[in-house]
Amino acid sequence: MSDTAFWPGGARLAISLSLMFEGGGQPISGANGPIPEPIQDGLPDLPTNAFFAYGVNEGIPRILDLMDKHGIKLSSFVIGQAIEKAPELAREIVRRGHEIAAHGRTWETSYTMQPDEERRFIADGAASIEKITGVKPVGWNAYWLRNSPNTLDILQELGFEYHIDEPSRDEPFIVPLSGGDIVTVPYTFHMNDISSFPFEGYDPIAYEQALKDEFDQLYDEGAHRRRMMVISLHDRISGHANRVRLLDRFLTYAKSKPDVLFARKDEIARYALETKGSLTPIVRRGSPTKTGLPGPAG
């Protein structure tokens, strides 16, 4: 057990898994997929759209079954348009005890939007979640983590408690805003399947080893300071059969160690608020246009 109770139950390391539910929210032409050559003339990209559909048909159900096997609850960030096309699957995520969080109205950038437009974009996606599942989301993830200088204030105004769009630390922290606090529950690029381990050049053994190395280092550090490991999964990527198999092996490995906490991101955010200033850092920032980092609009 840790020298200090950094996490509930005296855990020395918290692990949080994200599942991105994006299939059905992508544009029918021009979405990124496994085919490197862009589609021409704005025509519907039929195989790429089928690739996205795999996440809904096979990937998410397979990952949910894996979570049941290990007794783990994750946080699923969903596109409003995607779950409108697969409402039963969204309700199944909630029924199995997972968090459902917001990922925008559609799978597209929002950081170039004017504040009113961005507010509608975020609120519309959240409204779809609440209408379909009965759950008001409290967590936010932007397309490729790119928010505008106004996003955190908009989120706080809309009742969100946290966002994940910052890979700057291995622990949660609080950013004060003019209207109140918002928690950053850090994200990851290097343990993110879509950026670190795409289909081209994919090495499943290297991915499995990277997960173990990340865990081992953070677990060691967790004896003396608060540490958190983040694993980001996408419906159409990590939901494939061989990737689920290696994720199964990693989870078995991580669960074999004592004092490891698997937690949803809303649980982490609320615990961060409960330990504000004692265990959870308070990071005061200026406007993103001056600091280049997420913060109050100014």
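**Exercise 1. Strand β6 and its partner**

Work out how well β6 is covered, which way its side chains point, and how β6 pairs with β7.

*Solution.* Start with burial: β6 is mostly covered, with five of its five residues buried. Keep in mind as you go that this is a predicted model.

Next, sort the side chains by direction. F173, V175 and L177 point one way from β6, while I174 and P176 point the other way, and all are buried.

Now look for the partner strand. β6 pairs with strand β7 (residues 180-184) in the antiparallel sense, over five bridges. To see one of these pairings, put V175 on screen: its bridge partner in β7 is I182. The link between β6 and β7 is a hairpin through two residues.

**Exercise 2. A glutamate just ahead of β6**

Find where E171 sits, and decide what its charge is paired with, if anything.

*Solution.* First, the location: E171 lies in the loop between β5 (162-163) and β6 (173-177).

Second, check for a partner. The nearest side chain of opposite charge belongs to R227, and it is 4.3 Å away. A salt bridge needs a side-chain nitrogen of Lys or Arg within 4 Å of a carboxyl oxygen of Asp or Glu, so E171 has no salt bridge, although E171 is buried.

Third, see what surrounds E171. Skipping neighbours within four places in sequence, E171 is in contact with P186, R226, R227, M228, L279 and P281.

**Exercise 3. Strand β2 between two neighbours**

Trace how β2 is joined to β1 and to β3, and find a residue opposite V78 and one opposite F77.

*Solution.* Begin with the side chains of strand β2 (residues 75-78). S75 and F77 point one way, S76 and V78 point the other way, and all are buried.

Then take the β1 side. Strand β1 (residues 13-21) and β2 run parallel and are joined by four bridges. Opposite V78 in β2 stands F21. Getting from β1 to β2, the chain passes through helix α1 (residues 46-70), and this β-α-β crossover is right-handed.

Finish with the β3 side. β2 also pairs with strand β3 (residues 99-102), again in the parallel sense and over four bridges. F77 has A101 of β3 opposite it.

**Exercise 4. The nonpolar cores**

Identify the residues with the most contacts inside the largest nonpolar core, and say which element gives the largest share of that core.

*Solution.* The general idea first: in soluble globular proteins, nonpolar side chains tend to be buried together.

Here, the largest nonpolar core has 65 residues, and I15 and F21 have the most contacts inside it. Helix α1 gives the largest share of this core, eight residues.

There's another core apart from that one. It has 22 residues, among them M20, F77, I174 and A263.

**Exercise 5. Salt bridges, local and long-range**

Which residues pair with E92, and what does the salt bridge of K276 with D181 tie together?

*Solution.* For scale, a search of the whole structure finds 20 salt bridges. Side chains of opposite charge can pair when their charged atoms come close.

Take E92 and R95 first. They form a salt bridge whose closest N and O atoms are 2.7 Å apart. Because R95 and E92 are three residues apart in helix α3 (residues 87-95), about one helical turn separates them. R95 is exposed, with a relative accessible area of 60%.

R96 forms a salt bridge with E92 too, its closest N and O atoms being 2.7 Å apart. Both R96 and E92 are buried.

Now the K276 case. Its salt bridge is with D181, and the closest N and O atoms are 2.6 Å apart. K276 lies in the loop between α9 and α10 (288-291) and D181 lies in strand β7, so this pair ties together parts that are 95 residues apart in sequence. K276 is partly exposed at a relative accessible area of 40%, and D181 is partly exposed at 28%.

As a last step, follow the shared partners: salt bridges join D65, D68, E92, R95 and R96 into one network.

**Exercise 6. Placing R270**

Is R270 buried or exposed, or something in between?

*Solution.* R270 lies in helix α9 (residues 265-274). Its relative accessibility is 37%, so R270 counts as partly exposed. Leaving aside neighbours within four places in sequence, its contacts are V138 and E161. You can also look towards V183: the C-alpha atoms of R270 and V183 are separated by 8.4 Å, with the two residues 87 apart along the chain.

Note on methods:
Residues are numbered from 1 along each chain as its sequence is written. This is a predicted model: local features need pLDDT of at least 70, side-chain atom pairs count only at pLDDT 80 or more; totals for chains, interfaces and linings use all residues. Side-chain values use heavy atoms; hydrogens and water are left out. Buried means under 20% relative accessible area, exposed over 50%, partly exposed in between (1.4 Å probe, protein chains only). Lys and Arg count as positive and Asp and Glu as negative; His and the chain ends are not counted. Contact means heavy atoms within 4.5 Å. Two strands pair if DSSP finds at least two bridges between them. A crossover is right-handed if, with the strands pointing away from the viewer, the path from the first strand over the helix to the second runs clockwise. A nonpolar core is a set of buried Ala, Val, Leu, Ile, Met, Phe, Trp, Tyr and Cys residues joined through side-chain atoms within 4.5 Å.
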